Amino acid sequence: MEKKYQKHQYSTKQFNELYFYNKNDLGATYSKERTQFKVWAPTADKVAVKLYEEGLGDNLIKKISMYKGVAGTWELIVEEDLNETYYTYEVTTGDAVNEAIDPYAKAAGANGIRGMILDLNRTNPKGWAEDKKPEFKEDTDAIIYELHVRDLSMNSDSGIKNKGKYLGIAETKTVSTSGLPTGMDHMKELGITHVHLLPVFDYHTVDETKLQTPQFNWGYDPKNYNLPEGSYSTDPFHGEVRIKEFKQMVKALHDNGIRVIMDVVYNHTFANEESNFHKIVPEYYHRVVEGKFSDGSACGNETASERAMVRKFIVDSVVYWATEYHIDGFRFDLMALHDIETMNAVREAIDEINPTILLYGEGWTGSDSILPKEKQALKAHTYKLNRVGAFSDDMRDAIKGSVFEGEDTGFVSGKAGLEEAIKFGVVASTSHPQVKDHIAWTHNPGQCINYTSVHDNFTLWDKLAMSCKDATKEQRIRMNKLSAAIILTSQGVPLFQAGEEILRSKPVEGQEGMYDHNSYVSSDSVNAIRWSNKKKYYSVYEYYRGLIAFRKEHPALRMRTEADIKEHLVFLDDLPEHVVAYTIKGNPNEEEAKEIYVIFNASNKKVKMPLGNETWNVYVNADNAGTTVLSVEDKETVVVDEISAMVLIKQ
């Protein structure tokens, strides 16, 4: 007789040996002749499949009992064509009877309440079989643009028809009233390599049955991990629509040379006891101590990635998105809530599909976790991770000041003593003999994600407004441009928030001088990119565009190894306060330029920098950036303007 396990025994070796199911057929597997249902529910006494005509409402077709399979699974085969039929599992455990959506559901109706059986081949848009990933070789070649689906199109001046939708991102030839490209064409013109989409899996907090009512959420509240969010589709009621439109978006981005990264939130679920995981196998998928959910996410719970079937679920899910939807990268929310072994298992599985798929995440937790520190995928443990990157909060706070103190300043805004922190960011948080007071947290520059602003906290422009109230607008624009120059000339992987290149702001409605630092449920009027800013701040936009083009043209800015950075990148010593400068020579990474000279002057004064009576071409200065020569300098020194960057190449 099979031994009945208690919840506290979930993590034991014996439970694992009895109940680890290693096949890849969980969920509903469809063919025209039959559908196989398989669910992992080792503690259940009975399980049944309930078939429905629709995703909502009182339209049960029938309930069919499942039978016990191997390793804690329950299964059922229905010998008929169930395409576009909806389903749930009814799970009986002791006295509790719960109805739950399949955790492995690939489609669902409105609000993700019932799974949907679907012939996925019918959801493929025209040309999907020929869809090709844009060319991309090394992690350090990435230039990432972080974007919320709605933010790109909701502004009235976007010129985009399908506002707030996947199809809105797919639209081309859209312009603002001033005639400048918006949306897809803007991103293509800017030159980014990857767009990082805030959560686009099916999340909980937007009611898909009431899309005429204004609603907004960032989406960090997971409901169904393996199907797209319905509110970004033109029809959330029919599960096939969101899938087809999501694929159309991916294909359009690929066709325009842009890869797609998904923000994934496997670290917690929106609901605790009401989550589908808990209803099917109570307390297995979460970290629970004496009946209380551990809350390392600060969202009510955290998932137990160290358990075999949770780890399997995460790996299976990432693999599914990478194959079915052709996704090119994954950003893990609160990655340190996952154990190191799980993150390396994800990398191993992804490498079998395509090793150019990027993996990175937040190397911290939201709150205290019961997962032992030494097992957490923390930023400090990045060296134990196989090609899984982490965000550099070191570089972020060094550039603009602490994200937790609105009025704190950073290097670009005049704070003293941050030169070493900037240098640490320049070498992508690797070990370098000229960087003091900082301990390397990676030995692979491709693991360091350098950034100044993302959706969380103040936008860069708002942070500068909050912390530099006495500065002129022109000075703050200089700070913004200097920030971009630091990020886009440093080693590692640069990432920036969509709209930063046109001074994106999130002003609090009706409160002069106040800015929204946590706009996760704020209105579109706060969150949407204001396309009129592109004309207003066109010189800033052109500066970002020029820096991106310059970075792409010079592989020395994208070195692949710590050894190369140590050998070829040399900082200048004995510089004035608020100045960082370095040279790169020796043709690393197949660089054609003889020598690159990068100078950051964050002081309020012009500085003279040595040139050694050699001839240099200037490609970046206070006003312009790009791949054309701005001036030729051949004297003993060059003057670098206040609050600005200069990049020169030796002839």
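1. E592 is a good place to start: this glutamate counts as exposed, at 78% relative accessibility (exposed means over 50% relative accessible area, buried under 20%, and partly exposed in between, with a 1.4 Å probe and protein chains only). E592 sits in the loop between β23 (579-585) and β24 (595-601); helices (H or I, at least four residues) and strands (E, at least two) are DSSP runs, numbered from the N terminus. From E592 to K68 the separation is 524 residues in sequence and 65 Å in space, C-alpha to C-alpha.

2. A word on the basis of these notes. This is a predicted model, in which local features need pLDDT of at least 70 and side-chain atom pairs count only at pLDDT 80 or more, while totals for chains, interfaces and linings use all residues. Residues are numbered from 1 along each chain as its sequence is written, and side-chain values use heavy atoms, with hydrogens and water left out.

3. E500 deserves a look if you care about charges. Which side chain of opposite charge is nearest to E500? The answer is K400, 7.1 Å away, and E500 is buried yet has no salt bridge. Two rules apply here: Lys and Arg count as positive and Asp and Glu as negative, with His and the chain ends not counted; a salt bridge needs a side-chain nitrogen of Lys or Arg within 4 Å of a carboxyl oxygen of Asp or Glu. E500 belongs to the loop between β21 (493-497) and α13 (524-527).

4. E500 does have a polar partner: its side chain makes a polar contact with the side chain of S453, at 2.6 Å. Such a contact is a pair of N or O atoms within 3.5 Å; within protein, one must be able to donate a hydrogen and the other to accept it, and residues adjacent in sequence count only if both atoms are side-chain atoms. Leaving aside neighbours within four places in sequence, E500 is in contact (heavy atoms within 4.5 Å) with T452, S453, L460, N480 and Y544.

5. L460 leads on to helix α11. Eight of the eight residues of α11 (residues 460-467) are buried, so this helix is largely enclosed by the rest of the structure. Among the buried residues are the charged D462 and K463, along with W461 and M466. The packing partners of the buried residues of α11 are α9 (393-400), α12 (473-489) and α15 (538-553).

6. By the rule above, the salt bridge count comes to 47. One of these pairs E407 with K469, the closest N and O atoms being 3.2 Å apart. E407 lies in the loop between α9 and α10 (419-426) and K469 in the loop between α11 and α12, so the pair ties together parts that are 62 residues apart in sequence. E407 is exposed, with a relative accessible area of 57%, and K469 also counts as exposed, at 52%.

7. Helix α12 holds a salt bridge of its own, between the side chains of R478 and E474 (3.8 Å, N to O). R478 and E474 are four residues apart in this helix, about one turn. An α-helix has 3.6 residues a turn, so residues three or four places apart point the same way. Buried or exposed: how does R478 count? R478 is buried, at 15% relative accessibility, whereas E474 is exposed, at 54%.

8. K650 and E614 also meet in a salt bridge, at 3.2 Å from N to O. The pair links distant parts of the chain, 36 residues apart: K650 is in strand β29 (residues 644-650), and E614 is in the loop between β25 (607-610) and β26 (616-620). K650 counts as buried, at 11% relative accessibility, and E614 as partly exposed, at 33%.

9. Finally, strand β17 (residues 329-332) is covered on both faces: G329 and R331 on one side and F330 and F332 on the other are all buried. Strand β14 (residues 259-264) runs parallel to β17 and is joined to β17 by four bridges, with V264 partnering F332. Strand β18 (residues 358-361) also pairs with β17 in the parallel sense over four bridges, and there F330 has L359 as its partner. Pairing requires that DSSP finds at least two bridges between two strands. β17, helix α8 (residues 340-353) and β18 form a right-handed β-α-β unit; right-handed means that, with the strands pointing away from the viewer, the path from the first strand over the helix to the second runs clockwise.
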